[in-house]
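The following exercises are to be worked with the sequence and the three-dimensional structure at hand. Each task is followed by a solution in steps.

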Amino acid sequence: MSDIGLGHFLIVSTMLFFIGIYGFMTRRNMITMLMSVELILNACNINFIAFNKFLFPNQLDGVFFTLFVIAIAAAEAAVAIAIIINLYRNRKSIDAEDADMMRL
Amino acid sequence: MSASTIIFYILAAITLGGAILAVTSPKIFRSAIYLLFSLIGIAGLYFWLNFEFIAAVQVVVYVGGIVVLIIFSIFLTQGSGSDMKDPVKIRSLFAGLAALCGYCLTYYVIQRTEFHPQLEQGPAEISVARIGEQMLSTTEHGYLLPFEVVSMLLLSAMIGCIVIAIKTRSIK
């Protein structure tokens with residue numbers, strides 16, 4: 001790791017984050033929106049790990065935050081997919097525009 | 001340009017290329033497979049930084065768990081070979097513009113900021129034993145309380161998933 005510094009990792013994670021934002025805004029299918037959210041959470045994890053490595057190399061706090069983010073992302077994905085499957089059973093479609101059952 | 005630099009750029013290219021293809025591919029199943037490549041690239045970045053435990057957790061939870069769950073839900077909800085509806089043109093244009101502006105702003109802030117590494121005394125290597133001891137300790141820098149809270153969250157998420165996705169018998 002000669003000339004790769006913290007800035008390189010921050011730029012990679014920023015690009016990944018905004019790719020996820022673009023996907024979240026353009027996709028109409030709920031499963032692909034969920035995939036964009038996973039990309040955003042992974043960008044955040046890269047940031048935690050890079051800060052831990054380059055700024056606080058003797059501590060472990062970034063590792064713990066990354067582990068908790070991964071655990072919460074797994075729970076979130078499971079609940080979201082359960083909701084999507086239930087919605088598909090009722091509506092036969094998982095487009096975000098068709099999910100209007102809570103509208104008055 | 002050393003070998004580790006080249007490896008870093010290859011891993012970053014796999015990650016970002018997979019991510020771009022995952023959000024733009026018109027077929028949903030291919031999109032999930034591109035997401036798989038992107039997540040493996042991120043695990044490679046963790047290996048590059050010598051965080052082997054986090055890389056293993058990334059592979060096990062994301063690649064082995066979440067992507068498989070997404071692929072199963074694709075099979076359960078729609079045909080995997082058909083194209084999805086195209087995104088709205090004007091919405092796609094403005095989303096790209098917003099993402100580009102946000103990226104430029106963040107890039108500017110990153111370039112302006114000076115980071116000061118804090119080199120204190122203490123063991124520098126990240127061993128799994130050290131992670132485990134600090135995660136389950138109740139002393140000042142221990143993470144026992146968040147650990148227990150996450151375990152409660154996972155239990156409640158599991159029960160919630162079963163309750164939401166269970167097939168209710170229709171009353172006649």
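**Exercise 1: The fold and outline of chain B**

Chain B contains six helices and zero strands. The model is a predicted one.

*Task.* State the order of the elements along chain B, and compare its radius of gyration with that of a compact globule of 172 residues.

*Solution.*
1. Along the sequence, the pattern of chain B reads α-α-α-α-α-α.
2. For a compact globule of 172 residues, a radius of gyration near 16 Å would be expected, whereas chain B has 21 Å.
3. Along the principal axes, the C-alpha atoms of chain B occupy a box of roughly 70 × 45 × 30 Å.
4. Buried residues make up 22% of the 172 residues of chain B.

**Exercise 2: The largest nonpolar core**

*Task.* Determine how many residues the largest nonpolar core has and which residues have the most contacts inside it.

*Solution.*
1. The largest nonpolar core comprises 58 residues, and Ile31(A) and Tyr46(B) have the most contacts inside it.
2. The elements giving two or more residues to this core are α1, α2 and α3 of chain A, together with α1, α2, α3 and α4 of chain B.
3. Apart from its neighbours within four places in sequence, Tyr46(B) is in contact with Ile49(A), Phe51(B), Ile54(B), Ala55(B) and Gln58(B).

**Exercise 3: The side of chain A that touches chain B**

*Task.* Describe the contact between chain A and chain B by residue number, by element and by residue character.

*Solution.*
1. In chain A, 61 residues are in contact with 69 residues of chain B.
2. On the side of chain A that touches chain B, α1, α2 and α3 of chain A each supply at least two residues.
3. The largest share of this side, 20 residues, belongs to α3(A).
4. By character, the residues of this side are 43 nonpolar, 13 polar and five charged.

**Exercise 4: The helix α3(A)**

*Task.* Compare the expected span of α3(A) with the distance between its end C-alpha atoms, and identify what covers its buried residues.

*Solution.*
1. The helix α3(A) has 31 residues; at 1.5 Å a residue it should therefore span 45 Å.
2. Its end C-alpha atoms are 44 Å apart, which agrees with that expectation.
3. The buried residues of α3(A) include Gly62(A), Phe64(A), Leu67(A), Ile70(A) and Ile84(A).
4. The cover over the buried residues of α3(A) includes α2 of chain A and, from chain B, α3, α5 and α6.
5. Just after α3(A), Lys92(A) adopts a positive phi of about 60°.

Methods. Residues numbered from 1 in each chain as written. Chains lettered and ligands numbered in written order. Predicted model: local features only at pLDDT ≥ 70, side-chain atom pairs only at ≥ 80, totals over all residues. Helix = DSSP H or I, 4+ residues; strand = E, 2+ residues; numbered from the N terminus. Rg over C-alpha atoms; globule rule 2.2 N^0.38 Å. Buried ≥ 20, exposed ≤ 12 C-beta atoms within 10 Å, placed from the backbone. Core = buried A, V, L, I, M, F, W, Y, C linked by C-beta atoms within 7 Å. Contact = placed C-beta atoms within 7 Å. Nonpolar A, V, L, I, M, F, W, Y, C, P; charged D, E, K, R; others polar. Expected span 1.5 Å × (residues − 1).
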